[in-house]
Amino acid sequence: DNLWHLETTEGVFKTHRVVIATGSNPKIWKLLEDLGHTIVQPVPSLFTFNIKDERINDIPGVVSSNVEVHVVDSNLYSEGPLLITHWGFSGPAILRLSAWGARELNDRFHRFPILINWIGRDEDEVLADFNDEKKHSGKKRIGNHAHYGIPLRLWKSMIAGAGIKNTATWGDLSGKDLKHLVSELCCAVFQISGKSTFKDEFVTAGGVDLRDVDFKSFSSRVCTNLYFAGEILDIDGITGGFNFQAAWTGGFLAGNAMAGYPLE
């Protein structure tokens, strides 16, 4: 009868067209796979990083605006605002990195080192600045004023991380002290020990293979009169509303196609 038969707890419904917009749903993916679709292995995307590190234990809520983040031994890189949380790191720089590296980070079981440049400056440049401070402002206490626009709480934490007392003056610091401080600011290493707890991720990478979809109507190339919208598909983007837009656009095109409106 060329109809879809949908078996539910409320009975069997028959319809000419069906749209699947169930989000990240393993049971539905299995059903679609049984119908002949290829399913790209789903992995978490847009997640925060769990970290246990004394340098950030007492400063949750601090945001640094111009941070550069590298995943050690990879080409994964991101920049932008970073938020220190009670459990580790979040913010646009981290969420973008988790999206771009979703599969690689999943392969590492979400355990890997990252290198952070808190101020987005070159080490030699910063060391020269600090030597000038030592020379011209030797009596000033290092912990009284944050440099490069970073929050004072973060500045003090990085000073402590370099093994320097916040009450020390610039004149008290040795060349070795200055290099340690530069290292904490420009190339601090943090060990990631996991991601957001399950189901706290914002989106999922993976789902129905895009080669199985006609994007003029968001319809299946495998099954006639079957349509898709949202995270059921292997579509995920960086933070900033892209995933919402993808779902809305897919829903709009699929809805128009199901209603028989001409595609322009």
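Student: Which strands does helix 6 lie across?

Tutor: In this predicted model, helix 6, residues 175–186, lies across strand 9 (112–117) and strand 10. Its direction is about 110° to strand 9.

Student: What makes that angle to strand 9 count as roughly perpendicular or oblique?

Tutor: Set the value against the cut-off: 65 to 115 degrees counts as roughly perpendicular. Helix 6 runs at about 110° to strand 9, so the two are roughly perpendicular.

Student: And helix 4 with helix 6: why is that pair called oblique?

Tutor: The axes of helix 4 (residues 123–136) and helix 6 come within 10 Å and cross at roughly 135°. Over 145 would be roughly antiparallel, and 65 to 115 roughly perpendicular. Roughly 135° fits neither range, so helix 4 is oblique to helix 6. As for handedness, the crossing is right-handed.

Student: Which residues make the contact between them?

Tutor: From helix 4 come Glu 123, Val 126, Leu 127, Phe 130, Asn 131 and Lys 134. Helix 6 brings Leu 178, Lys 179, Leu 181, Val 182, Leu 185 and Cys 186. Sorted by class, that contact has eight nonpolar, one polar and three charged residues.

Student: Back to the strands. What makes strand 10 and strand 11 edge strands?

Tutor: Each of them pairs on one side only. They belong to an open sheet of seven strands in the order 10-9-6-7-8-5-11, with antiparallel pairing. Strand 10 covers 188–192, and strand 11 covers 194–195.

Student: How do you know that strand 7 and strand 8 pair?

Tutor: Pairing takes at least two bridges. Two bridges join strand 7 (residues 77–84) to strand 8 (residues 88–90), so they qualify as a pair. They run antiparallel, and Leu 83 has Ser 90 of strand 8 as its bridge partner.

Student: How many bridges link strand 1 and strand 2?

Tutor: Five, in the antiparallel sense, between residues 4–8 and residues 11–15. Trp 4 has Thr 15 in strand 2 as its bridge partner. The two strands form a hairpin, with two residues between them.

Student: Let's end with Tyr 227. Why is it called buried?

Tutor: Buried means under 20% relative accessible area. Tyr 227 has 7% relative accessibility, so it counts as buried. This residue is in strand 15 (residues 226–228). Leaving aside residues up to four places away in sequence, Tyr 227 touches several others, among them Arg 17, Ile 20, Phe 218 and Met 258.

Student: How far apart in space are Tyr 227 and Asn 131?

Tutor: They are 64 Å apart, C-alpha to C-alpha, and 96 residues apart in sequence. Asn 131 is one of the helix 4 residues in the contact with helix 6.

Note on methods: Residues are numbered from 1 along each chain as its sequence is written. This is a predicted model: local features need pLDDT of at least 70, side-chain atom pairs count only at pLDDT 80 or more; totals for chains, interfaces and linings use all residues. Side-chain values use heavy atoms; hydrogens and water are left out. Contact means heavy atoms within 4.5 Å. Axes are lines fitted to C-alpha atoms, for helices over the stretch in contact, and angles run from 0 to 180 degrees between N-to-C directions. Buried means under 20% relative accessible area, exposed over 50%, partly exposed in between (1.4 Å probe, protein chains only). Angles under 35 degrees count as roughly parallel, over 145 as roughly antiparallel, 65 to 115 as roughly perpendicular and the rest as oblique. A crossing is left-handed if the near helix is turned anticlockwise from the far one by less than a right angle, and right-handed if clockwise. Ala, Val, Leu, Ile, Met, Phe, Trp, Tyr, Cys and Pro count as nonpolar, Asp, Glu, Lys and Arg as charged, and the others, Gly among them, as polar.
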